[in-house]
Amino acid sequence: MRRVRIGLGLASIFAASFAAAQSGDSSRHSGYQDMGPALQKMQDDDSANPGMLFVQAGEALWNQRTGAANKACADCHRAAAATMKGVAVRYPAIPPGTAKPVDLEGRINLCRTANQKAEPLAGESRELLALTAYLARQSRGLPIAPPDDPRLGPFREQGAELYKRRQGQLNLACATCHDANAGKKLAGVTIPQAHPDGYPVYRLEWQSLGSLKRRLRNCLVGIRAEAYAYDAPEYVLLELYLMDRAKGMKLEAPGVRP
Amino acid sequence: MVNVLINVPKTAKRGDVVEIKALILHPMETGFRPGTNGRIIPRNIVERFSATWNGTEIFRMTMTPAIAANPFVSFFAVANESGTIGFRWSGDEGFLAEESVTITVA
């Protein structure tokens with residue numbers, strides 16, 4: 001009798017661990033875990049991660065005076081390692097005195113135009129990517145922490161709606177792949193859960209650093225939808241939702257992805 | 001702006017095998033791709049990379065268009081004497097980058 005009970009106990013343990021293995025892919029995790037060990041090593045090693053080239057360039061830009069005000073970022077913000085720690089994990093946010101959320105890139109450009117009296121940097125330009133990567137690097141390892149600003153609520157909901165809306169010729173929503181089918185294979189590649197925890201990322205396919213906006217545009221083209229205009233607010237809305245969805249996950253920027 | 005990342009241990013024991021890693025920002029344009037105007041984008045690659053230890057060449061390689069952008073090179077050397085490790089990349093369009101680091105061998 002006793003032996004039978006032990007047997008049953010073992011069976012239920014096996015059943016539980018089998019279920020855990022099955023649902024292992026659906027538990028929330030970074031795209032980092034879906035990569036092979038070689039790529040993980042590449043991201044972890046600062047001297048092999050090509051994103052660090054941009055971080056290095058961003059540091060130079062941080063200290064370089066520019067614009068009509070002839071000010072460098074460092075003139076006001078001092079050492080980024082101290083003052084910019086924890087900034088990247090909060091964005092998108094609503095800057096003081098405004099009503100609309102902006103992402104980190106948008107915030108950098110706001111600072112440039114308002115305080116440095118300089119031209120805003122073009123989206124996906126090397127300079128903007130470098131500064132963004134430099135700021136994001138200061139928050140590496142910190143948990144993603146969207147701000148508690150109640151004004152963000154409606155924007156976040158709009159982002160969630162966009163995420164779940166089917167669109168394009170293939171009639172797919174972001175959620176179709178990244179929620180319902182994450183962890184399965186698409187053309188031999190594991191479908192990631194789409195967490196924005198490594199941006200800006202060095203994507204091997206791009207052979208360059210790129211922003212989350214670029215990644216979102218890629219996906220939109222992939223489902224044969226018309227990508228939103230470069231300056232469209234939809235990207236910020238989606239990013240708001242994605243950052244909230246990834247709340248508490250550790251920032252890996254600059255990440256490396258295949 | 002030339003942008004280089006080099007990783008060499010600052011110190012080593014005499015006779016140690018040290019790993020030397022060098023990463024450089026470069027587009028490595030193959031010369032086979034058409035641009036948005038339909039014309040071939042001219043080739044722009046790093047052709048040669050070499051490393052010296054106190055002036056003596058310890059590593060040399062020729063790069064080809066098949067090497068991805070931002071080439072990363074890693075190799076090993078035996079640490080025999082303190083000094084400077086120099087790196088040199090040269091290639092198309094007059095590209096030339098030089099960088100050096102020091103290592104103390106005890």
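# A walk from the interface to the pockets

Between chain A and chain B, seven residue pairs are in polar contact, counting pairs where both partners have pLDDT 80 or more. Keep in mind as you click around that this is a predicted model.

**Stop 1: helix H3 of chain A.** Select residues 51-62 of chain A. This is helix H3, and with five residues it makes up the largest share of the side of chain A that touches chain B. Color that side of chain A by residue class and you'll get seven nonpolar, four polar and three charged residues.

**Stop 2: the salt bridge.** Now pick B:Lys21 and A:Asp45. These two form a salt bridge, and their closest N and O atoms are 2.5 Å apart. How many salt bridges does the rule find across the interface of chain A and chain B? Just one.

**Stop 3: the whole interface.** Show everything in contact: 14 residues on chain A and 13 on chain B. Together the two chains bury about 1200 Å², with carbon and sulfur atoms giving 55% of that. Next, highlight A:Ser47, A:Leu53 and A:Gln207: these three supply 48% of the area that chain A buries against chain B, more than any other three residues.

**Stop 4: the largest pocket.** Time to leave the interface and look for empty space. Rolling a probe the size of a water molecule over the atoms shows where such space is left. The largest pocket holds about 1200 Å³. To find its centre, select A:His178, A:Pro192, A:Arg203, A:Arg215 and A:Cys219, which lie nearest to it among the 41 lining residues. Which helix gives the largest share of this lining? That's H10 of chain A, with seven residues. Helix H9 (174-178), strand S2 (189-190) and helix H11 (234-245) of chain A are also worth showing, since each supplies at least two lining residues. By class, the lining has 24 nonpolar, ten polar and seven charged residues.

**Stop 5: the second largest pocket.** This one has a volume of about 840 Å³. Its lining counts 42 residues, and the ones closest to the centre are A:Asp103, A:Glu105, A:Gly106, A:Lys213 and A:Val236. Select helix H6 (104-116) of chain A, which gives the most to this lining, with six residues. Then add helix H7 (126-137), helix H8 (152-164), H10 and H11 of chain A, each with at least two residues in the lining. Coloring by class here gives you 27 nonpolar, eight polar and seven charged residues.

Notes:
Residues numbered from 1 in each chain as written. Chains lettered and ligands numbered in written order. Predicted model: local features only at pLDDT ≥ 70, side-chain atom pairs only at ≥ 80, totals over all residues. Heavy atoms only, no water. Contact = heavy atoms within 4.5 Å. Buried area = accessible area lost by both parts, 1.4 Å probe. Salt bridge = Lys/Arg side-chain N within 4 Å of Asp/Glu carboxyl O. Polar contact = N/O pair within 3.5 Å; in protein donor to acceptor, adjacent residues only side chain to side chain. Helix = DSSP H or I, 4+ residues; strand = E, 2+ residues; numbered from the N terminus. Nonpolar A, V, L, I, M, F, W, Y, C, P; charged D, E, K, R; others polar. 1 Å grid on protein atoms, 1.4 Å probe; cavity = no way out; pocket = protein on both sides within 12 Å on 5 of 7 lines; lining within 4 Å. Points joined across faces, edges and corners; volume = space filled by probe spheres on them.
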